[in-house]
Amino acid sequence: MKRTYDGDMREEPGTTFPKGTEEWEEDLLEDLYEQFLQGRSLTLAELAAETGIHRKTLRAMIRRMIGRGWLELWSDEDGRELTLTDYGKIQGARCISRHKYLTEFLQMIVGMDERTAEKNACRMEHVLDEEGMQGIMDFLKNGSAHARVMRNLDLRILYEIGTYECCGFLYLPGDGHPRVLADECEDFKEEMPLRVERDGSFFEFHPQTGHEPRPLWYLYDGQWARAEEMPEGSRIPTRSFVFVFDAERIPLVNGTVTLTFTDPAEREPVTADRRELSVHFWR
């Protein structure tokens with residue numbers, strides 16, 4: 001029997017496929033696990049306000065999540081907070097890991113912007129089996145790709161936990177060639193190691209022996225943020241850098257971030273006296 005359609009039905013395949021119940025519940029598990037990582041637990045009312053899901057629908061989802069072993073037994077009568085089981089925490093971390101890998105894959109290989117990659121990864125993570133997911137993870141760590149610029153990148157996606165040799169230089173802003181080194185470049189060591197830890201990835205910024213550097217700030221998402229101070233210097237999260245991938249190799253070639261220095265008495269940067277830090281990965 002030939003199908004007939006009324007009106008303009010010119011929609012692209014894959015753009016209107018509705019989410020299934022399990023997808024919604026796995027997304028909710030991700031949300032609850034992210035709240036757990038921030039030290040928060042939510043009541044049903046708070047979760048409804050944050051997700052926009054009706055309380056009646058949430059109650060049904062919570063009952064199923066309890067049945068799957070993700071949540072502790074719970075009653076909404078006294079406004080109790082929702083608590084993840086140990087198994088729920090493991091599965092929540094797994095969901096977030098799959099989402100991050102898929103987002104990076106779509107940005108790197110397909111060339112999607114971050115927002116579009118996030119949206120697509122949110123659907124793909126629920127249907128891709130372990131063999132497919134492992135293949136993408138292996139490709140990101142060992143495969144080849146076209147030259148590409150990426151932002152907001154956590155290098156735990158590409159590097160195992162450990163320390164990696166890198167060198168860095170401070171330049172005056174501008175696109176001229178050759179680049180002009182900033183005066184502050186002499187105050188810091190060229191070696192700027194990449195440190196990949198369980199809770200994040202960072203570049204370390206070490207002053208020369210005997211030098212007391214001014215407070216260091218970096219520009220992230222249009223806002224100034226204070227670099228984390230350590231006994232041996234400062235460190236800056238990799239997500240604030242803009243990275244360039246080589247056309248024939250992964251890991252990375254170099255990354256750049258905008259910096260500035262302030263006087264100790266200043267609470268935040270008030271001038272446009274910027275510098276550009278360029279970090280190079282040693283082959």
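Is Gln 91 buried or exposed? At 15% relative accessibility, Gln 91 counts as buried, because the cut-off for that word is under 20%. The close-ups below start from this residue and come from a predicted model.

**View 1. Gln 91 and its contacts in helix H4.** Gln 91 is found in helix H4, which spans residues 86-110. Once neighbours within four places in sequence are set aside, Gln 91 is in contact with Leu 29 and Trp 70.

**View 2. The buried side of helix H2.** Here we look at residues 44-51, where Leu 44, Leu 47 and Ala 48 are buried. They cover an arc of only 100° around the axis, so they lie on the same side of H2. Their packing partners are helix H1 (21-37) and helix H3 (55-67). Just after H2 comes Gly 52, with a positive phi of about 80°.

**View 3. A stacked pair, Phe 188 and Phe 261.** A search of the whole structure finds 10 aromatic pairs. One of them joins Phe 188 and Phe 261, stacked at 5.8 Å centre to centre with 25° between the planes. Where do these two rings sit along the chain? Phe 188 belongs to the loop between strand S3 (166-171) and strand S4 (194-197), while Phe 261 is in strand S11 (residues 254-261). The pair thus links distant parts of the chain, 73 residues apart. Both Phe 188 and Phe 261 are buried.

**View 4. An aromatic cluster.** Tyr 159, Tyr 164, Phe 203, Phe 241, Phe 243 and Phe 281 form one cluster of aromatic residues. If you follow Phe 203 from here, you will meet this residue again in View 6.

**View 5. Two arginines over aromatic rings.** The charged end of Arg 179 sits over the ring of Tyr 171, 4.6 Å from its centre. Arg 235 lies over the face of Phe 202, and here the distance to the ring centre is 3.7 Å.

**View 6. Leu 259 in the largest nonpolar core.** This core has 43 residues, and those touching the most other members are Leu 155, Leu 158, Leu 170, Phe 203, Phe 205, Leu 259 and Leu 277. Which residues does Leu 259 touch, not counting those up to four places away in sequence? They include Leu 170, Phe 205, Leu 216, Trp 217, Tyr 218, Trp 224, Ile 236 and Leu 277. Asp 273, Arg 274 and Arg 275 are also among them. Apart from this core lies another, of 21 residues, including Ile 62, Met 65, Leu 71 and Trp 74.

Terms used
Residues are numbered from 1 along each chain as its sequence is written. This is a predicted model: local features need pLDDT of at least 70, side-chain atom pairs count only at pLDDT 80 or more; totals for chains, interfaces and linings use all residues. Side-chain values use heavy atoms; hydrogens and water are left out. Buried means under 20% relative accessible area, exposed over 50%, partly exposed in between (1.4 Å probe, protein chains only). Helices (H or I, at least four residues) and strands (E, at least two) are DSSP runs, numbered from the N terminus. The arc is that of the directions from the helix axis to the C-beta atoms. Contact means heavy atoms within 4.5 Å. Rings of Phe, Tyr and Trp (its six-membered ring) pair if their centres lie within 6.5 Å; planes under 30 degrees apart count as stacked, over 60 as edge-to-face and the rest as tilted. A charge sits over a ring if NZ of Lys or CZ of Arg is within 6 Å of the ring centre and within 35 degrees of the ring normal. A nonpolar core is a set of buried Ala, Val, Leu, Ile, Met, Phe, Trp, Tyr and Cys residues joined through side-chain atoms within 4.5 Å.
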